[in-house]
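Got the viewer open and a selection box ready? Let's take a walk through this model, one stop at a time.

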Amino acid sequence: MASSTASQSPSKLLADMVSTINNVPSNYIRPISDRPNLSQVQSPEVSSIPLIDLQELYGPNHASLVKQIGRACECDGFFQIKNHGVPETIINKMLQVAREFFELPASERMKSYSDDTSKTTRLSTSFNVTNEKVANWRDFLRLHCYPLEEYMSEWPTSPSSFRNVVAEYCTEVRGLTLRLLGAISESLGLERDYIGEVLSDHGQHMAINYYPPCPEPELTYGLPGHTDPNAITILLQDDVPGLQVLRDGKWIAVHPIPNTFIINIGDQIQVLSNDRYKSVLHRAVVNYDKARFSIPTFYCPSNDAVIGPAPQLTDDDHPSLYREFTYREYFGKFWNRKLGDETTLDMFRTS
């Protein structure tokens, strides 16, 4: 938690600036070659990511469902899920408490502010303000959330329901993630618990992202194109579009569907699968007249987990494409680079 001094200092957050401006400030403006080109984005009616019904995950159609998940991981790197088992009431409460937090007075929110990226609970802005030349149109509250008893005491106490609502949500999403990891393992022809065992003492983080309305959305990003450094991401979003996924060199808009999650494969599963499954570039764009909330949960290996291609997936015809590394090494390289640079994966390839 940031010191009390932070709560007395002027807010550094984008949310507290946007109501006073009519143009995007220069430090948020992307070079012409690195702008969203929103008119060229494909609509979800033209092309979209798969929507998978998890109703039969442990039913008689289990094998067929596992194949669907594997195909989505291989061809898209992204898929949406419905009938996932997380109660709609819990989803709605999570979105509501996210809004309530960002509606708090600046002095209350700033109690959680920090630019120290090592803090396990912190409010900040952009992506990594210490090494960016161009800022991103985003504020975020990042929370470590497993094990809960280790981190809950660091979380904000306002709104009053915040800790209980977030803890309930994190617990439900963790269960969902474990079920998905089992299915992904099976889809690769591995034992159901293979990925879970490789990840070792799993970490779980989440971010509550707030993208305020933007007077000139064509000039900036909420987040530029990037892949996720973790194993798998479970994304909850409100009803405002903003997520876009790169497929065959074209950006595809992914419009929200109520009571669904968006799942994307992270870099660690791409490595474990020896490039059979893809960690795909995605980005967040912003809106002129609407704020957007998104809540990704990042499921991670332990810092000391050793990651490399599964031996069962390598042979003379399919040599290992990556050297082994610890997640601590990988995440350190990811965080110290700028979003939009070469993918961190390229730093660990064997050739």
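Start on the outside: select D248, which counts as exposed because its relative accessibility is 75%, over the 50% cut-off. Keep in mind as you click around that this is a predicted model. D248 sits in the loop that links strand 8 (243-247) to strand 9 (250-253). Check its backbone too: phi is near 55°, a positive value in a residue that isn't glycine.

**A second positive phi**

Now jump to S200, another non-glycine residue with a positive phi, this one about 65°. You'll find S200 in the loop between helix 7 (194-199) and strand 5 (203-211). Is S200 buried, exposed or partly exposed? With a relative accessible area of 40%, S200 is partly exposed, because that value falls between the 20% and 50% cut-offs.

**Into helix 7**

Step back into helix 7 and pick I195. Here the relative accessible area is 0%, so I195 is buried. Which residues does I195 touch, once neighbours within four places in sequence are set aside? Show L181, I184, S185, I269 and L272 and you have its contacts. For a sense of scale, draw a distance from the C-alpha of I195 to that of A284: the two are 89 residues apart along the chain and separated by 28 Å.

**Helix 6 and its end**

Next, colour helix 6, residues 162-187, and zoom in on S187, which belongs to this helix. S187 counts as buried, since its relative accessibility is 13%, under the 20% cut-off. Turn on side chains and look for the polar contact of 2.6 Å between S187 and Y277. Beyond residues up to four places away in sequence, S187 touches V66, G70, R276 and Y277.

**Two helices packed on helix 6**

Two of those residues, V66 and G70, take you to helix 2, so bring up residues 62-75 as well. What should you look at in a pair like this? Two packed helices are described by the angle between their axes and the distance between the axes. For helix 2 and helix 6, the axes come within 8 Å and cross at roughly 85°. That makes helix 2 roughly perpendicular to helix 6. To see the meeting point, select H62, V66, I69, G70 and C73 on the helix 2 side, with A183, I184, E186 and S187 on the helix 6 side.

Keep helix 6 on screen and add helix 3, residues 88-102. These two pack at an angle of about 135°, with 9 Å between their axes. Helix 3 and helix 6 are therefore oblique to each other, because 135° lies outside the ranges that count as roughly parallel, antiparallel or perpendicular. Their crossing is left-handed. From helix 3, show I90, K93, M94, V97 and F101; from helix 6, show F162, V165, V166, E168, Y169 and E172, which they meet.

**The nonpolar cores**

Hide the cartoon for a moment and look at the largest nonpolar core, made of 79 residues. Which of them touch the most other members? Select W155, M206 and F261. The largest share of this core, 12 residues, comes from helix 6. Apart from it there is another core, of 14 residues, including V24, W137, C214 and L223.

**L14 and T120**

W137 also leads to the next stop: it is one of the residues in contact with L14. L14 lies in the loop between helix 1 (4-8) and strand 1 (51-53), and with 0% relative accessibility L14 counts as buried. Neighbours within four places aside, its contacts are Y28, T125, N136, W137, R138, D139 and P212.

For another buried loop residue, go to T120, at 18% relative accessibility. T120 is in the loop between helix 4 (106-109) and strand 3 (121-125). Outside its neighbours within four places in sequence, T120 is in contact with R142, L143, H144, Y151 and E154.

**Two cis peptide bonds**

Finish with a pair of prolines. The peptide bond from Y146 to P147 is cis, with omega near -5°, and P147 lies in the loop between strand 4 (139-144) and helix 5 (148-151). Then move along to the bond from S158 to P159, which is also cis, again with omega near -5°. P159 has its place in the loop between helix 5 and helix 6.

Key
Residues are numbered from 1 along each chain as its sequence is written. This is a predicted model: local features need pLDDT of at least 70, side-chain atom pairs count only at pLDDT 80 or more; totals for chains, interfaces and linings use all residues. Side-chain values use heavy atoms; hydrogens and water are left out. A nonpolar core is a set of buried Ala, Val, Leu, Ile, Met, Phe, Trp, Tyr and Cys residues joined through side-chain atoms within 4.5 Å. Buried means under 20% relative accessible area, exposed over 50%, partly exposed in between (1.4 Å probe, protein chains only). Helices (H or I, at least four residues) and strands (E, at least two) are DSSP runs, numbered from the N terminus. A polar contact is a pair of N or O atoms within 3.5 Å; within protein, one must be able to donate a hydrogen and the other to accept it, and residues adjacent in sequence count only if both atoms are side-chain atoms. Contact means heavy atoms within 4.5 Å. Axes are lines fitted to C-alpha atoms, for helices over the stretch in contact, and angles run from 0 to 180 degrees between N-to-C directions. Angles under 35 degrees count as roughly parallel, over 145 as roughly antiparallel, 65 to 115 as roughly perpendicular and the rest as oblique. A crossing is left-handed if the near helix is turned anticlockwise from the far one by less than a right angle, and right-handed if clockwise.
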